[in-house]
Number of protein chains: 2
Amino acid sequence: MVFAGQGDPQRSLPLLWRVPSTASRPGPKQGLTVDEIVDAAIAVADASGMAALSMRAVGDRLGRTAMALYTYVPNKSDLVDLMYDRTLAELPTSYAFDGGWRTAVTSWASDLWEFYLRHSWVLQVSQARPVLGPNEFSTLETVAGILRSTGLSATRLRPVVSALTHFVRGSAQVVAEAREAATATGMTDDTWWYARSAVLEEIAPDFAARFPTLVWLESDGNSPPEDDTPYFEHKVRTTFTAGLDVLLDGVEAAIAAEAASS
Amino acid sequence: MVFAGQGDPQRSLPLLWRVPSTASRPGPKQGLTVDEIVDAAIAVADASGMAALSMRAVGDRLGRTAMALYTYVPNKSDLVDLMYDRTLAELPTSYAFDGGWRTAVTSWASDLWEFYLRHSWVLQVSQARPVLGPNEFSTLETVAGILRSTGLSATRLRPVVSALTHFVRGSAQVVAEAREAATATGMTDDTWWYARSAVLEEIAPDFAARFPTLVWLESDGNSPPEDDTPYFEHKVRTTFTAGLDVLLDGVEAAIAAEAASS
DNA sequence: CCTGATACTTTATGGTGTAAAGAGTCAGCG
DNA sequence: CGCTGACTCTTTACACCATAAAGTATCAGG
């Protein structure tokens with residue numbers, strides 16, 4: 001986990017909100033811009049993951065040393081903040097309501113899912129002290145805006161947003177980690193599982209007796225992937241869509257309760 | 001994120017399942033046991049977080065060098081696996097059904113929540129290639145067992161378990177990260193937020209116009225904490241309980257659909 | 001033209017996981 | 001009994017990390 005929002009707010013927040021610095025300063029001209037550095041850092045993280053994101057790696061990509069970056073950005077944590085907020089700009093900020101709130105939320109969730117898989121390092125940025133950048137607020141405003149149209153009160157809406165966010169994030173994280181593990185170990189999930197289950201059968205011959213529900217759960221109703229998606233990813237994807245529906249049924253109930261209580 | 005399940009299954013799985021190694025071997029006696037090492041590692045992680053967990057730190061606690069541990073455990077990743085599964089043993093494996101499945105699931109979720117906060121480093125162990133230890137399976141069996149009693153089919157049950165797990169995990173993670181950030185920076189959340197919001201108002205004076213839903217969401221219906229829990233934690237806690245109810249309403253709908261379709 | 005702030009590099013510090021090599025210990029065999 | 005070789009544990013070493021500190025070159029304002 002990489003911590004965010006650690007820096008001096010007087011310095012990092014203006015960076016995030018791109019408040020232009022007016023002062024004309026002596027000394028050599030800066031050869032780079034903050035955005036160039038942030039883009040390079042995003043490129044590194046996209047290509048090789050958060051673990052490979054080092055000041056050296058970013059500097060190398062720009063023909064500078066690691067230390068050169070410190071004249072643009074206070075420290076690595078603030079750089080991650082900037083990467084995070086810049087990347088979030090990719091997400092749509094409005095959704096059509098033609099099909100009602102439910103389809104709007106579903107496509108929001110699907111967009112977020114794909115976003116997380118496109119930039120899986122984002123999942124490693126801590127949420128506790130959020131990056132208070134403009135795009136962070138924008139994305140929150142977007143979901144909250146859709147759901148507000150259902151007539152839910154603020155008290156009922158907050159947990160809904162929270163549940164939705166955690167669910168999308170958690171589901172995407174599983175896939176992201178699986179992919180990272182696959183490239184890191186050079187082993188697909190299927191071969192990984194195969195090697196494990198063989199040893200497992202040997203070591204825990206009473207498995208079926210000890211964990212009957214798990215065996216039942218696994219044995220039943222698994223549809224194979226239609227395209228060439230790895231089996232594991234396909235399973236998570238299916239579970240994600242179905243789980244989202246369960247959650248939205250819950251939201252439906254909340255809306256009904258709201259209507260009844262007002 | 002710390003990756004799990006990376007090791008050679010022939011070596012790490014027997015360790016996890018505590019298959020006794022019978023061979024009597026030459027050379028000096030081992031002065032430690034795997035369990036002692038795992039316990040020391042858990043103590044380090046509990047006290048100082050996953051970031052502070054190093055082979056040197058664990059060795060120091062046992063009066064050994066870092067390298068000495070490698071005769072017990074193949075590598076750090078496998079040590080984390082062992083820590084993970086050993087810690088999971090703390091969780092209850094059965095729940096009373098007196099109040100029906102819903103109260104059982106609620107207290108399961110609450111136990112899991114508290115477990116995550118007690119050992120927040122657990123949240124940084126990757127789920128993609130699960131630690132295939134006995135306790136990992138046990139905890140899964142427990143929830144799945146409760147929910148199976150509702151008559152849900154495997155296809156409908158899988159996404160429910162997934163949604164519940166992700167939600168508890170995600171909610172707990174926010175609190176855990178907040179606490180870690182607080183001790184790391186020596187700054188409570190409240191002072192952190194205060195410092196930020198002051199700068200934010202200055203930098204983004206049009207905030208209310210740009211993010212009306214967020215402002216509405218924040219301004220409405222926040223109950224203050226009764227005890228001395230930090231305000232931020234209290235808010236997450238409240239949202240967690242309410243969100244769980246929304247989710248369980250969704251499960252209720254799934255049960256009804258199951259009954260209708262069979 | 002000088003002064004001093006700035007951009008960038010070089011070097012250094014204290015940390016990480018773990019490979020490799022060395023020192024001491026002891027079970028089993030001749 | 002004494003050797004052999006496997007074993008435990010330590011020491012050293014390597015390649016990395018973020019970043020502090022110091023040095024060098026550059027340029028705006030006085």
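Which of the 29 residues around DNA strand D come nearest? This tour of a predicted model begins with that strand and then turns to DNA strand C.

**First stop: DNA strand D**

Select DNA strand D and display the residues around it. Tyr70(A), Arg25(B), Pro28(B), Thr65(B) and Tyr72(B) come nearest. Colouring the surface near this strand by class will show twelve nonpolar, nine polar and eight charged residues.

Next, select the atoms of DNA strand D within 4 Å of the protein: 70% of them belong to sugar or phosphate, and the rest to bases.

**Second stop: phosphate oxygens of strand D**

Select Gln30(B), where an N or O atom of the side chain is 2.8 Å from a phosphate oxygen of DNA strand D. Proceed to Gly31(B); here a polar backbone atom is 3.0 Å from a phosphate oxygen of the strand. Then select Arg56(A), whose side chain has an N or O atom 3.5 Å from a phosphate oxygen of DNA strand D.

**Third stop: DNA strand C**

Now select DNA strand C, which 28 residues surround. The closest are Arg25(A), Pro28(A), Thr65(A), Tyr72(A) and Tyr70(B). Coloured by class, the surface near DNA strand C divides into twelve nonpolar, nine polar and seven charged residues. Of the strand's atoms within 4 Å of the protein, 65% belong to sugar or phosphate and the rest to bases.

**Final stop: phosphate oxygens of strand C**

Select Gly31(A), which has a backbone N or O atom 3.0 Å from a phosphate oxygen of DNA strand C. In chain B, select Lys76(B), with a polar side-chain atom 2.9 Å from a phosphate oxygen of DNA strand C. Conclude with Lys29(B), where the corresponding distance from a side-chain N or O atom is 3.1 Å.

Terms used
Residues numbered from 1 in each chain as written. Chains lettered and ligands numbered in written order. Predicted model: local features only at pLDDT ≥ 70, side-chain atom pairs only at ≥ 80, totals over all residues. Heavy atoms only, no water. Near = heavy atom within 4 Å. Polar contact = N/O pair within 3.5 Å; in protein donor to acceptor, adjacent residues only side chain to side chain. Nonpolar A, V, L, I, M, F, W, Y, C, P; charged D, E, K, R; others polar.
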